[in-house]
Amino acid sequence: MAGQRGARPQQVPTEGFGNCLLVLGPESLIAERAVAERIAIARRQVPDAELTRVTAQELEGNRLAELVGGSLFSEASIVVIEDLANLSQDLFDAVLVSAKDPGEELSLTLVHGGGNKGKGLLDKLKKAKVPVIEATAVKTWELPGWVRQEARRTRVGMDDEAAQALVDAVGNDLRALAGAVSQLGSDWEGKAVTAPMIQRYFAGRADVTSFAVSDDIMAGRPGPALEKLRWALSTGVAPVLVTSAIASSLRGLGKYLDARSARMSEGEMAREVGVPPWKLKDLARLSRSWTGPGVSQALRAVAVADAQVKGAASDSHFALEQLLLNVDRAHQLERR
């Protein structure tokens, strides 16, 4: 598995030479792995092939022609052109020609970070049916699936609940998640990693606390939530992580409240809400003490607090404490 769209793997072309690969998207870890696998495939086919990695901005003068025209030191060349978004328009046609017909002794990989810059070239490359690995950002609800794939890739036993626990503990950064999976596999080699193991392992991590604050306030425990919030902030947790964790919990609950009356299977409901199937039990439990208007009111409070911690208020810590109190008031709406 070299690249993914969301949590679905894509395949790097198995022929290393005589074709071009476009790696497209902002998720750098996925992009780097796709490029690394592409180079490895080519190197297995021609071990002494010359490798050249350049940025698009470095392709001045005849540099592109020199790279794709063959190597003076090897019969085969592996060329990786990165940051394609900044390629000069004067070179669009030359890159397109090389991508369409690289020649049997050239392995060409183009890397574009996504966005509209250079879109004209991207459209032409796609029209030419150049193979694409999409290095798109993994959506929040897909992260546990990505973690499980990463665990399988590194031969670490991990179920859905453990994967979600790791996301809760480490956050949304793929590099951090990949590193955590690797570390867990190293420390507990040969053992299946469980959610309790992960919770103990990462008990002191700042990111754990932001989700712990969210769990407590969503469950109607403002006292423990405030205590954990103050500890988190004192250990350097970014205030925006707290608002993000609470917002994510509220959005999931809101979608569940809207969808629970529909006749859906558990799998269909999970896809509609955007959570793993096992997490529906947590949402069902929360739904017994929350109402739709309460969730809406709490989300408005989060939006205000998020703006405050990003600069609209002078005291972000006070803003977060007020947020917890406001969410708790929203939680109590149905009991009035």
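**Notes on a predicted model: a covered strand and three loop residues**

1. A good place to start is strand 3, where both faces are covered: Asn19, Leu21 and Val23 lie buried on one side, and Cys20, Leu22 and Leu24 lie buried on the other. Please keep in mind as you read on that this is a predicted model.

2. Taken as a whole, strand 3 spans residues 19-24, and because six of its six residues are buried, the strand is largely enclosed by the rest of the structure.

3. What does strand 3 pair with? One partner is strand 6 (residues 106-112), which runs parallel to strand 3 and is joined to it by six bridges. Within this pairing, Leu24 has His112 of strand 6 as its bridge partner. Another partner is strand 7 (residues 132-134), again in the parallel sense, with three bridges. Here Val23 stands opposite Ile133.

4. Just ahead of strand 7 in your viewer, have a look at Lys129, which sits in the loop between helix 4 (119-127) and strand 7. Its phi is near 60 degrees, a positive value in a residue that is not glycine. Lys129 has 74% relative accessibility, so it counts as exposed, the cut-off being over 50%.

5. Arg155 deserves a look as well. This residue lies in the loop between helix 5 (143-153) and strand 8 (157-158). Arg155 is not a glycine, yet its phi is positive, at about 60 degrees. With a relative accessible area of 79%, Arg155 is exposed.

6. Is Ser289, in the loop between helix 13 (280-287) and helix 14 (292-312), buried or exposed? Its relative accessibility is 18%, so Ser289 counts as buried, since the limit is under 20%. The side chain of Ser289 also makes a polar contact of 2.9 Å with the side chain of His331.

7. Now for the protein chain overall. Its secondary structure comes to 15 helices and nine strands, and its C-alpha atoms fill a box of roughly 80 × 45 × 45 Å along the principal axes. Of its 336 residues, 47% are buried. Among contacts between residues at least 6 apart in sequence, 76% join residues at least 24 apart.

8. Finally, the surface and the charges. The protein chain exposes about 17000 Å², with carbon and sulfur atoms supplying 48% of that area. There are 41 positive and 42 negative charges, and their mean positions are 7 Å apart.

Definitions and conventions:
Residues are numbered from 1 along each chain as its sequence is written. This is a predicted model: local features need pLDDT of at least 70, side-chain atom pairs count only at pLDDT 80 or more; totals for chains, interfaces and linings use all residues. Side-chain values use heavy atoms; hydrogens and water are left out. Buried means under 20% relative accessible area, exposed over 50%, partly exposed in between (1.4 Å probe, protein chains only). A polar contact is a pair of N or O atoms within 3.5 Å; within protein, one must be able to donate a hydrogen and the other to accept it, and residues adjacent in sequence count only if both atoms are side-chain atoms. Helices (H or I, at least four residues) and strands (E, at least two) are DSSP runs, numbered from the N terminus. Contact means heavy atoms within 4.5 Å. Accessible areas come from the Shrake-Rupley method with a 1.4 Å probe; for residues, only the protein chains shown count as cover. Lys and Arg count as positive and Asp and Glu as negative; His and the chain ends are not counted. The place of a charge is taken as NZ of Lys, CZ of Arg, CG of Asp or CD of Glu. Two strands pair if DSSP finds at least two bridges between them.
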